[in-house]
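Visitor: I am new to this structure and would like a tour. Could you walk me through it, one question at a time?

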Amino acid sequence: MRSLDLFWDSWKEFLMKEQRDAYFQLIVGIKTCTYQNYIEKIRQREREIESPLLESVLQIYSCASRPKWTEVAERFVDQFKTKPVSPEPKKAGRDGG
């Protein structure tokens, strides 16, 4: 029975880490205007671990009062966010002349 308890505790810790990683990816996607790309990454991870993540991180993000760990993730992303990349490529080099 003790082994099952240890296994269950490890699984819960693993899921919490995955949820935090998914939340971080959500924030990166929002702040860099690449939301859809990061939503797909979260969905892919859900398939890999066979456990839902997206719904819970979206619920956390929509709450007026979020857990303390979310503030740390948001501050970290804010420190390193860059301007979104233009969807239209710019011409490199000289213009033919």
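Visitor: Is E50 buried or exposed?
Guide: Welcome! Please keep in mind that this is a predicted model. E50 is found in the loop between α2 and α3, and its relative accessible area is 72%. Exposed means over 50%, so E50 is exposed.

Visitor: What is the phi of E50 near?
Guide: Staying in the loop between α2 and α3, where E50 is found, we can look at the backbone. E50 is a residue other than glycine with a positive phi. The phi of E50 is near 55°.

Visitor: How many helices does the protein have?
Guide: Let us step back to the whole chain. The elements run α-α-α-α from the N terminus on. There are 0 strands, and the helices come to 4.

Visitor: In which helix is confidence highest?
Guide: The protein averages a pLDDT of 87, and 82% of the residues score at least 70. Where pLDDT is low, the predicted coordinates should not be read in detail. Confidence is lowest in helix α4 (residues 68-80), at a mean of 89, while the highest value, 97, belongs to α2.

Visitor: How are α2 and α3 set to each other?
Guide: Helix α2 covers residues 35-49 and helix α3 covers residues 54-62. Their axes come within 10 Å and cross at roughly 135°. That angle is neither under 35 degrees nor over 145, and it is outside 65 to 115. The two helices, α2 and α3, are therefore oblique.

Visitor: How many charged residues are in the contact of α2 with α3?
Guide: On the α2 side are Y35, I39, I42, R43 and E46, and they meet L54, E55 and L58 in α3. The residues of this contact include 5 nonpolar and no polar ones. The charged residues number 3.

Visitor: Is E18 buried or exposed?
Guide: E18 lies in helix α1. Not counting residues up to four places away in sequence, E18 touches R45, I49 and L53. Its relative accessible area is 6%, and under 20% means buried, so E18 is buried.

Visitor: How far apart in space are E18 and S51, C-alpha to C-alpha?
Guide: E18 sits in helix α1. Along the sequence, E18 and S51 are 33 residues apart. In space, C-alpha to C-alpha, the distance between them is 9.6 Å.

Visitor: Which residues is Q19 in contact with, leaving aside its neighbours within four places in sequence?
Guide: Q19 has its place in helix α1 (residues 2-31). With a relative accessible area of 15%, Q19 is buried. Leaving aside neighbours within four places in sequence, its contacts are L53, S56, V57, I60 and W69.

Visitor: Which residues does V28 touch, not counting residues up to four places away in sequence?
Guide: V28 is another residue found in helix α1, and at 14% relative accessibility it counts as buried. V28 and D78 are 50 residues apart in sequence, yet 8.8 Å apart in space, C-alpha to C-alpha. Not counting residues up to four places away in sequence, V28 touches T34, Y38 and V77.

Visitor: What share of the contacts with a separation of 6 or more comes from residues 24 or more positions apart?
Guide: This question takes in the protein as a whole. Here we count contacts with a separation of 6 or more. Residues 24 or more positions apart account for 59%.

Visitor: What percentage of the residues count as buried?
Guide: We have already met some buried residues, including E18 and V28. The protein has 97 residues. Of these, the buried share is 24%.

Visitor: How many disulfides are there?
Guide: Among the cysteines, C33 is found in the loop between α1 and α2 and counts as exposed at 59% relative accessibility. C63 counts as partly exposed, at 36%. A disulfide needs a pair of cysteine sulfur atoms within 2.5 Å, and by this rule the count of disulfides is 0.

Conventions. Residues numbered from 1 in each chain as written. Predicted model: local features only at pLDDT ≥ 70, side-chain atom pairs only at ≥ 80, totals over all residues. Heavy atoms only, no water. Axes fitted to C-alpha atoms, helices over the stretch in contact; angles between N-to-C directions. Contact = heavy atoms within 4.5 Å. Nonpolar A, V, L, I, M, F, W, Y, C, P; charged D, E, K, R; others polar. pLDDT = per-residue confidence, 0-100. Buried < 20%, exposed > 50% of the residue type's maximum accessible area, 1.4 Å probe, protein only.
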